[in-house]
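Q: Please take a close look at the charged side chains in this protein. I would like to know how they pair and where they sit.

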Amino acid sequence: MRVVQADDYIINSFILHELSFDEVVVQTDQSIVRIHNEQLQKVIYDWDTKAGSTFNSDALRSTFGDSYDDLLEFLEINHIITKQVKPNFSLKSIQFITNNSVVFDMFHHVFDDYRTELKCTYTYVESLDENTIKVEEDQLLVLFLNPYNKSFMVKLRDQVKNYDNVHTLCTYTYNGIFYMDALYNARLKTPCHVCHISSIETSIRNKNLSNVTYQHIIDSIYLEDAMFDVHMPLTKLNALTVVNLIGNRIEKLIMNHTSKEVAIEHFLQCISYKFHNQELCVDFPIHWELCDCYE
């Protein structure tokens, strides 16, 4: 006898509408379908308040018998359920880290949906003390700094170098622009935060050689105070944009919800977003010649 392995599935969000006493309509973000089968209706009613929850397909086998395979295909095609796929890099947890109170609250509201698939923790680092961040193996660290502090970022990069499977997604505001580094892992030797911010600083510094630039002023302040925080006033709409860009990046690179293969170059991309004109740019960082992350 052939034993079919049961799979885990995620119940997607849907809207349930009773069309008549023997028929219901189910609407998802990608489909609409009419359901007549009484047994299936009972299952749908049970799932109505369980969006984001997981279940094992064996739970349906005993109820639907020979029609079990057809049922799973029907539910998947109509996007009522999605087969659970493990996150890339075999990650087991995500830690969201920020020193911005508005973004911190949004992190909680938006990314709590991941709790069914990964352990999620949230760390508020008002004092920018890297010792308050407890790093674990098989973890994704997602950072957003506003104000930005270069010293903190460098110390955190040095901390994660001690782990084989810790990946960091560093985001921050600088010169009125939102930046997102490429996904960094010490073992994979991808360009680190120092590489990217050094390139940004050089670019700003060289924009107008005849006048004092934003970076010249920052450089002069750093000479007097190496712990200076580079701050930008952030509206709630700005904060929402930041969280949305971070969420899109996590979905594409880590969560595998689309079940599509991700091209290698996407893991190496960095992003900049100008708040004042909504201009989004994608680039590829290179290793800075004075950084040792490639060694």
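A: The salt bridges come first, then the surface patches, then some backbone details.

This is a predicted model, in which local features need pLDDT of at least 70, side-chain atom pairs count only at pLDDT 80 or more, and totals for chains, interfaces and linings use all residues. Residues are numbered from 1 along each chain as its sequence is written, and side-chain values use heavy atoms, with hydrogens and water left out.

Side chains of opposite charge can pair when their charged atoms come close. The term salt bridge here means a side-chain nitrogen of Lys or Arg within 4 Å of a carboxyl oxygen of Asp or Glu. The whole structure holds 12 salt bridges. Three of them follow.

Start with Arg 61 and Asp 58. Their closest N and O atoms are 2.9 Å apart. Both residues lie in helix 2, three residues apart, about one turn of the helix. Helices (H or I, at least four residues) and strands (E, at least two) are DSSP runs, numbered from the N terminus. Arg 61 is partly exposed at 27% relative accessibility, and Asp 58 is partly exposed at 43%. On this scale, buried means under 20% relative accessible area, exposed over 50%, and partly exposed in between (1.4 Å probe, protein chains only). Helix 2 covers residues 58–64 and includes Phe 64. Phe 64 counts as buried, at 9% relative accessibility.

Next is Lys 119 with Glu 136. The closest N and O atoms of this salt bridge are 3.3 Å apart. The pair links distant parts of the chain, 17 residues apart: Lys 119 is in strand 8 (residues 119–124), and Glu 136 is in the loop between strand 8 and strand 9. Lys 119 is partly exposed at 45% relative accessibility. Glu 136 is partly exposed too, at 33%.

The third pair is Arg 205 and Asp 219. Their salt bridge has an N to O distance of 2.8 Å. Arg 205 lies in helix 6 (residues 193–205) and Asp 219 in helix 7 (residues 214–224), so the pair ties together parts 14 residues apart in sequence. Arg 205 is partly exposed, with a relative accessible area of 24%. Asp 219 counts as partly exposed at 23%.

Now the patches. Their members have over 30% relative accessible area and no salt bridge; like charges are joined within 9 Å, and nonpolar side chains (Val, Leu, Ile, Met, Phe, Trp, Tyr) within 5 Å. Asp 69, Asp 70, Glu 73 and Glu 76 make up a surface patch of negative charge. Asp 70 lies in helix 3 (residues 68–77). Asp 70 is exposed, with 54% relative accessible area.

A nonpolar surface patch is formed by Ile 264, Leu 268 and Phe 284, with about 300 Å² of accessible area together. Leu 268 sits in the loop between helix 9 (264–267) and strand 12. At 32% relative accessibility, Leu 268 is partly exposed.

Last, the backbone. A cis peptide bond joins Asn 146 and Pro 147, with omega about 15 degrees. Pro 147 is in the loop between strand 9 (139–145) and helix 5 (150–160). Phe 89 is not a glycine, yet has a positive phi of about 65 degrees. Phe 89 lies in the loop between strand 6 (81–83) and strand 7 (93–98), and is partly exposed at 29% relative accessibility.

Definitions and conventions. Areas by Shrake-Rupley, 256 points an atom, 1.4 Å probe, with all protein chains shown as cover. Lys, Arg positive; Asp, Glu negative; His and termini not counted. Charge placed at Lys NZ, Arg CZ, Asp CG, Glu CD.
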